[in-house]
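Here are a few short exercises to work through with the model open in your viewer. Try each task yourself before reading its solution.

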Amino acid sequence: MGKLVEVQNLKQYFRVGGSLFRKQYIKAVDDVSFYIGKGETLGLVGESGCGKTTTGRALLRLYEPTGGKILYDGIDITHAKMQPYRRKMQIVFQDPYASLDPRMTVGDIVGEPLDIHKLSDSKKDRTDKIIAMLERVGLNSEHANRYPHEFSGGQRQRIGIARALAVDPEFIVCDEPISALDVSIQAQVINMFEKLQDEMGLTYLFIAHDLSVVKHISDRIGVMYLGRMVELANSYELTFHNVHPYTRSLISAIPIPDPRINRARHRIILQGDVPSPLHPPSGCNFRTRCPYATAICSEQEPEFREVGANHFAACHNLDKVPKA
Amino acid sequence: MNELLLEIKNERLSFFTPAGEVKALNDVSFSMKQGEVLGIVGESGSGKSVTAYSIMGITAHPGRLIGGEIHFNGHRIDLLNEKELRKIRGNEVSIIFQDPMTSLNPVYTIGNQICEVLILHTHCSKKVARQKAVDLLTLVGINEPERRVKQYPHELSGGMRQRVMIAIALACEPKLLIADEPTTALDVTIQAQILELMMDLKKKLGMSIIMITHDLGIVSSMCEKIAVMYAGKIVEYGTIDDIFYNPCHEYTKGLLNSIPKLTEVEHEPLVPIEGTPVDMLNPPAGCPFAPRCKSCMQICLTTMPDYTYLSDDHYSACWLLQKKEFETQQEDK
């Protein structure tokens, strides 16, 4: 399996306040490296503000990265002109109520990317392509002439997906695509993502805060905390043989819809809040909430190293964390 | 312990909107014993929050209670006037809202907001209230409470704000605490803290809790009883073991099959509930779930089934169960 997308030491800082001479930065993403193989789904999880969305957007060059490298199919696109790549890399946004223009018909929303990339030969070809796309995501030709407000949340998300698929992309960043949907609709959309991947050979970066969903859909999962990747492994390893104390507590914090398991399980409850990214702790970001923190954690940033086959983690005290 | 605290009988509540009547609650009945934790689950628009708000007597305009009775701790909530309601609200029943960012007043310090409740209901002096506020903040696990009482909501994080909301809700030691999606706006690690805090406080203070959520994981870790709502009706009610291991209504079964499970080793495909949620302006004539139900029969489309009792506290409204019951009765004959 070749690498389709790769980021090396990606850094994305945002300037906030400060004065002309004393600039202040938020390190939204700091030194993150990973790759996504062709046809693979990489899940990114973490709490709000951990930088998962920023990573996704920086990958598409919706931001200008502060540092590091982004490779697409082996080609460095960190500073490249993006227009040719936009066709290959698309995004589905979180909020289906905000990401569709209320004044455009669904047909035009899905057709716009075709116009921009000049992918239709004639008016008829354009209409055919739009209808084919809508049918692919479980809508039909009647829907093309309607406006977004006439649709439910789940249907709107389908429209957003159809728009992303219109240009026949290879890679899609799914930025919390199901968190605004009702539980009974979430499964429909998840299944559709999986079906489309099979049919079109898509590669996904699937961003979500709900680990159960990410685990279901992803081949590998990366866990982020305060702008850094703390653990990365295949989804089975990460769920059942995780090593990083943050991953451990994140998984333990998730309520499991099974009363017997809940009664038997011992939950690790993290104390305190996520520190402000403006003033992150020295050394390891997680040390302020980590039950295993020692002196070295405040002095040195832990290295993101391989701890097993294709299993990476950044922690000084891995040997202290009990085996899962 | 086994005293009845809350009893709702055949509650019907509608919103009279310009587009027509929306029957938000359609014949909702359930009861709750003292010290119990009840979970109400359902999708958005299923009527779970409306049920809770009607217990507080804070149904928003243009909603109106058009039938049924709400008994709470010897009061008839549905018959009380505003003045009498005020004595109960915040004192005997209190509520925590979903979004801690908007439910606190940004221009008052949190100390002020906690004291307000205490002074209103217990008529204590400002000084006593202040001390009590500090104690309450300690109780909900906020460090440096003396400093925090002087702070404004924007100075606190989301989790802290929700703790403050809980402190306000618990200020008068209510008999019933309603939590309306208290952790939806929070991160999972903070959610775990808040849920643990609520269960801790329940043990200490012995109040009852109604937990409204769409997250089946939360109800399974906190609640004793669950009411599953769909389109303004309770379609199934039972203990957590009933609901999770012996679900009877097709909607409950569908919900349980459609959520991804973290503990699953193999990749099992999800079984979604097809279709879209009910349009509450034009609800179907019979069972509201019928258009999405895999085992829908002719009768489901025209008539709403009565509850079938599977045990004393497990009941469900589904024609399939009625049919089964009828068949077993026939066999017995």
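**Exercise 1.** Find how many bridges join E11(B) to E12(B), and in which sense the two strands run.

*Solution.* Start with the pair itself: E11(B) and E12(B) run antiparallel and are joined by four bridges. Next, pick out one residue pair to anchor your view: Tyr309(B) has Tyr315(B) in E12(B) as its bridge partner. Keep in mind that this is a predicted model. For chain B the mean pLDDT is 91, with 99% of its residues at 70 or more.

**Exercise 2.** Follow E12(B) to E10(B), and then trace E10(B) to E9(B): which residues stand opposite Glu236(B)?

*Solution.* Step one: E12 of chain B, residues 314–317, is joined to E10(B) by two bridges, and the strands run antiparallel. Here Glu236(B) stands opposite Ser316(B). Step two: E10(B) also pairs with strand E9 (residues 225–230) of chain B, again in the antiparallel sense, over six bridges. In this pairing Glu236(B) is the bridge partner of Val228(B). Step three: look at the hairpin of E9(B) and E10(B), where two residues lie between the strands. One residue to check is Ala231(B), which takes a positive phi near 50 degrees.

**Exercise 3.** Decide why strand E10 (residues 233–239) of chain B is largely enclosed by the rest of the structure.

*Solution.* Count the buried residues, using the cut-off of 20 or more other C-beta atoms within 10 Å. Six of the seven residues of E10(B) are buried, so the strand is largely enclosed by the rest of the structure.

**Exercise 4.** Place these strands in their sheet: what is the strand order, and which are the edge strands?

*Solution.* Write out the order: E6-E7-E8-E3-E9-E10-E12-E11 of chain B, eight strands in an open sheet with mixed pairing. Then look at the ends, where strand E6 (93–96) and strand E11 (307–311) of chain B each pair on one side only. Finally, consider the twist: neighbouring strands are turned by 20 degrees against each other on average, direction ignored.

**Exercise 5.** Describe the side of chain B that touches chain A: which helix gives the largest share?

*Solution.* First, the totals: 36 residues of chain B are in contact with 33 residues of chain A. Then the helices: H7, H8, H9 and H10 of chain B each supply at least two residues to this side. The largest share, seven residues, comes from H7(B). By type, the residues of this side of chain B divide into 16 nonpolar, 14 polar and six charged. As for the predictor's scores, the complex has an ipTM of 0.85 and a pTM of 0.88.

Technical notes. Residues numbered from 1 in each chain as written. Chains lettered and ligands numbered in written order. Predicted model: local features only at pLDDT ≥ 70, side-chain atom pairs only at ≥ 80, totals over all residues. Buried ≥ 20, exposed ≤ 12 C-beta atoms within 10 Å, placed from the backbone. Pairing = 2+ DSSP bridges. Contact = placed C-beta atoms within 7 Å. Nonpolar A, V, L, I, M, F, W, Y, C, P; charged D, E, K, R; others polar. pLDDT = per-residue confidence, 0-100. Axes fitted to C-alpha atoms, helices over the stretch in contact; angles between N-to-C directions.
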